[in-house]
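Please open the model in a viewer and keep the sequence panel at hand. The tour below proceeds selection by selection, with a short account of what is found at each stop.

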Amino acid sequence: MNDSTTRATRAMPGATTAPLRLGTRRSALAMAQSGQVADAVRRLTGRPVELVEITTYGDTSREHLAQIGGTGVFVSALRDALLAGDIDFAVHSLKDLPTAQPEDLALAAIPVREDPRDALIARDGLTFAQLPDGARVGTGSPRRMAQLNAWARSLGRRIECVPIRGNIDTRIGFVAKGELDAVVLAAAGLTRIGRIDEATELLSPDVVLPAPGQGALAIECAAANADLAATLAELDDPDTRAAVTAERSLLAALEAGCSAPVGALADLSPSSRLRSSRGGPKAGEQAVTELHLRGVVGTTDGSTLVQLSTTGHVPASPDDVSVPQQLGRELAAEMLAKGAAGLMGERAL
């Protein structure tokens, strides 16, 4: 969480001592990241927070995510519970959220982002470049397949991408049991459950761009609950929101779902990065001035990739998302002009 979690506890308007109900998926990762948010909300409000476990369609379906569409399959049940009043707020992995935000739900906070990169867990401590020709690499993500296959081609070899599902333990188990040579997972998930040390390589965005919003969390509540939304907004990190807004704007403009082979990453200018929130720069700090956005679309066999980037200025106000949105739309238009539409397969989701 960001620096706001260390502020003195402040009471919500009309606050009671009744627990706030936080809706979460049942997986170990979801429970871990929701637990971290719950701790931050407890410190912020002084109220108890209880986790309410909810099963989503994405948790029960055994189909590959590319087959069931990916978009929204992990969030619909949580959103239904919010609108029904069964929970007060929910925590999602931002990359699972559809790009269109429902009017009756508020994306109240996007806390400081964890490492957005992908991580390789390979047998014998191998890096990707050390994998043998024909290595079997587990991933259910068309985005990862496209970029990993392209990377292997650049190294003069090939890999076999094997679609996999399951929790982190299950996926790592494929390597431990010798069924696969490697698997690729989000570094953020491994970090949040304390297993990042098992990664044999963190994949540079120069060769594998992450999913739009990867590593970021979304805290959502009913739009009608304005007091709660305002309180949760204290956990928002403006830098992270600007970056993921640009990435998700690119995804939306490409009319691609989160199971399409699209990668994106927005970086704040390293020389002027500011993590302090809405109060503005502190003494000795500079305001962020630039946002660099990279995007990629490719065929899953890695034979063709469209990779482009652009840079724009970050707005002075953290509430102004028009600039990162426009940055994403402009880069998407350039990528479509370069033939990206024909590489995605699945569009208009």
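Begin with helix H1 and select Asp-39 and Arg-42, which lie 3 residues apart in that helix and are therefore separated by about one helical turn. This is a predicted model, and the distances quoted here are computed from its atoms. The two side chains form a salt bridge, with 2.6 Å between N and O. Asp-39 is partly exposed, at 37% relative accessibility, and Arg-42 is likewise partly exposed, at 32%.

Next, select Glu-53 and Arg-26. A salt bridge joins them, and their closest N and O atoms are 3.2 Å apart. Which parts of the chain does this pair tie together? Glu-53 belongs to strand S2 (residues 49-53), whereas Arg-26 sits in the loop between strand S1 (20-24) and helix H1 (28-45), so the bridge links parts that are 27 residues apart in sequence. Glu-53 has 38% relative accessibility and counts as partly exposed; Arg-26, at 48%, is also partly exposed.

Now move to Arg-123 and Asp-124. Their side chains meet in a salt bridge of 2.8 Å, N to O. Is Asp-124 buried or exposed? With a relative accessibility of 65%, Asp-124 counts as exposed, because the cut-off for that class is over 50%. Arg-123, at 29%, is partly exposed. Then add Asp-118, Arg-143 and Arg-144 to the selection: salt bridges with shared partners connect these three residues into one network. Across the model, the count of salt bridges comes to 17.

The last stop is helix H6, residues 168-176. Start just before the helix, at Asn-167: a side-chain oxygen of Asn-167 comes to within 3.2 Å of the backbone nitrogen of Asp-169, at the start of H6. Within the helix, select Ile-168, Arg-171, Ile-172, Gly-173 and Val-175, which are buried. Against which elements do the buried residues of H6 pack? Display H1, strand S5 (118-122), strand S8 (182-186) and helix H7 (187-192), since the buried residues of H6 pack against these elements. Finally, select Gly-178, which follows H6 and has a positive phi, near 80°.

To review the tour, show the three bridged pairs together: Asp-39 with Arg-42, Glu-53 with Arg-26, and Asp-124 with Arg-123. Helix H1 can then be viewed from two sides of the account, as the element that holds Asp-39 and Arg-42 and as one of the elements against which the buried residues of H6 pack.

Definitions and conventions
Residues numbered from 1 in each chain as written. Predicted model: local features only at pLDDT ≥ 70, side-chain atom pairs only at ≥ 80, totals over all residues. Heavy atoms only, no water. Salt bridge = Lys/Arg side-chain N within 4 Å of Asp/Glu carboxyl O. Helix = DSSP H or I, 4+ residues; strand = E, 2+ residues; numbered from the N terminus. Buried < 20%, exposed > 50% of the residue type's maximum accessible area, 1.4 Å probe, protein only. Contact = heavy atoms within 4.5 Å. Polar contact = N/O pair within 3.5 Å; in protein donor to acceptor, adjacent residues only side chain to side chain.
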